[in-house]
Amino acid sequence: MPKLATPLNDIKVKNAKPQDKPYKLSDGGGLHLLVNPDGNKYWRLAYRFDTKQKTLALGVYPVVTLKDAREKTLAARKLLDAGIDPAKDRDQKRHVANATSVNTFEKIAREWHQRKTESSWQPQTSVQNMRSLERDLFPYIGKLPISTIKTPLMLDVLQQIEKRGALEITRRLASLASSIFKYATVKGLMEYDPIAALKTELKPRVKGHHAAIKVAGLPDLLKAITKNEGRMYPPNRIGLRLMLLTFVRTSELIETPWSEIDLDNEQWVIPWQRMKMGKKRLSPRMVDHHPFLPRQGWELLRELHQYTGGSKYLFPNRRDHEKPLSNGMILQALKRMGYGGEMTGHGFRALAKGTLKTLGYPIDRIERQLSHASGEAYGGSYDREDFLDERKKMMQHFADYLEQIERGNVVIGDFTRAA
C-alpha cells in the first residue's frame, strides 16, 4: 500500500530551501508547493479535466499562505465537481475584470455619442450634449467602470446638479445618462439602467411658461439694466441688450458665429438647422430665420465686434474661444440685477410679444418674428417682401419705443404704432 503524503504545515513551508533543481512539496489532493532554485515558492494544483492532466497556479508564497492555498484548492474542486475547468473559469473572470476596468463611463459615453452624432444628431446638438457630459458627469463618474455605477451614486450626482437650481439641466443629463447606460446594457457591460428608478426621486421641472415680467414692469427693467451695465463684462452687457432687442432664443444668440453676421450690409440670417425646430428635425419645410435687427442692434454688434471679432462666436467662452459662452450668462446677469426667479432669457420673448401687442401689431407678424412657426401656419405669406418689410419696421419701432421709455419720454401704451 503506497505511503500517503504528510500534509504540509507553516513551518515546513517557511523552511523549504532551494536546491539545484526545482522540487515539489505535496500537501495532498493535488496541491503542492513548487520551490525553484532562485528561492521563489509557488502554489500549484494538479488536476484532471476531460481526461487531460492540468496545473492551476494558485499564487506565490508568502503572499498566498498555506491556508489561502487550501481554500483556493477547495474552490477549484467545487468547480470541477460542477463540470467547470477552474483554469478557464479564472481566465474568463480576468477577461471580465479587464473589460470592466477599460470600459469606463466616459469611454462608453463617447462611443455612444459618436454613434448618435453619425446617425441622427445635428452638429449643434452633438456639441451641446458632449459639453454637458464633460461639464457635469465626466468629472464625477467618467473614470469609473460603467458596470460599477449604481442607482444611489447616480442619485447623488444628479442631486448635486439640482442644488444649483438647474432642474431642466438635471433632467436632460439624466436622460443622456440613461441612454448611455441602456447602450452599455445592450453591449453586455451592465445588467440594468440605474437611472430608471430615479424618475420619482428627482425634483420635477416647473411646468408652464418661462418666468417673465409683465409689460408694466418694462420701465423698471430698463432702469435696472442701465444701472448695472457699468459693472458688467462688456460682451455680457451687449448680450443682455441684444436679447431685449432681437427676441431670439438665448441659445440662438449665444451660439451665433460671426460668419452669420454681415456688418457691412446689416444682414443676420440664422440657418434653419440652428433653430429650435431645425435641431429637432421636426419640419422638412423649415426656412432660415431673419431676426431683423434695428439700428440700435447693429450699433451693439459693431461694438461687440471690437471685443470678440477675432473669435469664432459672438460670445466666446472666456476659457476656450472655440466654444460659445454658457447659456446661463443671461440668467446670471438677470439674477445679479435682482430679477432671479422673475425673469429669464426666454422671458424677453414673452415681454416683447406683450409689448408689441400693446403697440397694435398683428399677432401673426409677432409670432413670425419669434420664429414660432415653420411656415405652414400662415401659408406662403412668410416669403412675401411686404411681410418682411413690415417686420423690419416693427423691430425698429420696438427699439425706438424702448429708447423713449428709457429716456422717460413716454409711459407704457403712449407710443402708438407708426403708420
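Mentor: A salt bridge is a side-chain nitrogen of Lys or Arg within 4 Å of a carboxyl oxygen of Asp or Glu. Keep in mind that this is a predicted model.

Trainee: OK. How far apart, N to O, are D136 and R135 in their salt bridge?

Mentor: The side chains of D136 and R135 meet at 3.0 Å, N to O.

Trainee: And is D136 buried or exposed?

Mentor: D136 counts as buried, because its relative accessibility is 3% and the cut-off for buried is under 20%. R135 has 39% relative accessibility, so R135 counts as partly exposed.

Trainee: How many salt bridges are there in the whole structure?

Mentor: A search of the whole structure finds 20. One of them joins the side chains of D27 and R70, at 2.8 Å from N to O.

Trainee: Which parts does the D27 and R70 pair tie together?

Mentor: D27 lies in strand β1, residues 23–28, and R70 lies in helix α2, residues 66–81, so the pair ties together parts that are 43 residues apart in sequence. D27 counts as buried at 11% relative accessibility, while R70 counts as partly exposed at 36%.

Trainee: What about E299 and R295, what is their N to O distance?

Mentor: Their side chains meet in a salt bridge at 3.5 Å. E299 and R295 are 4 residues apart in helix α13, which means about one helical turn separates them. E299 is partly exposed, with a relative accessible area of 44%, and R295 is partly exposed too, at 40%. Salt bridges that share partners join R295, E299, D400, E403 and R407 into one network.

Trainee: Why do such side chains pair at all?

Mentor: Side chains of opposite charge can pair when their charged atoms come close.

Trainee: New topic. Which residues touch the most other members in the largest nonpolar core?

Mentor: That core has 56 residues, and L221, L301, F315, L334, M337 and F348 touch the most other members. Among the elements that give two or more residues to this core are α9 (218–228), α10 (234–246) and α13 (295–308). α17 gives the most, with 8 residues.

Trainee: What is F348 in contact with?

Mentor: Leaving aside neighbours within four places in sequence, F348 is in contact with L221, L240, M243, L244, I330, L334 and M343. Apart from this core lies another core, of 29 residues, among them W112, M154, Y183 and M190.

Trainee: Why do nonpolar side chains end up buried together?

Mentor: I can give you the tendency and no further reason: in soluble globular proteins, nonpolar side chains tend to be buried together.

Trainee: Back to α9. Which of its residues are buried?

Mentor: L218, L221, L222, A224, I225 and N228 are buried in α9. They cover an arc of only 160° around the axis, so they sit on the same side of α9. K223 and K227, on the other side of α9, are exposed.

Trainee: And α10, how many of its residues are buried?

Mentor: In α10, 12 of the 13 residues are buried, so α10 is largely enclosed by the rest of the structure. The buried residues include P235, N236, R237 and R241.

Trainee: How far does α10 reach from its first C-alpha to its last?

Mentor: α10 reaches 18 Å, close to the 18 Å expected at 1.5 Å a residue.

Trainee: What follows α10?

Mentor: F247 follows α10, and the phi of F247 is positive, near 70°.

Terms used:
Residues numbered from 1 in each chain as written. Predicted model: local features only at pLDDT ≥ 70, side-chain atom pairs only at ≥ 80, totals over all residues. Heavy atoms only, no water. Core = buried A, V, L, I, M, F, W, Y, C linked by side-chain atoms within 4.5 Å. Buried < 20%, exposed > 50% of the residue type's maximum accessible area, 1.4 Å probe, protein only. Contact = heavy atoms within 4.5 Å. Arc of directions from axis to C-beta. Expected span 1.5 Å × (residues − 1).
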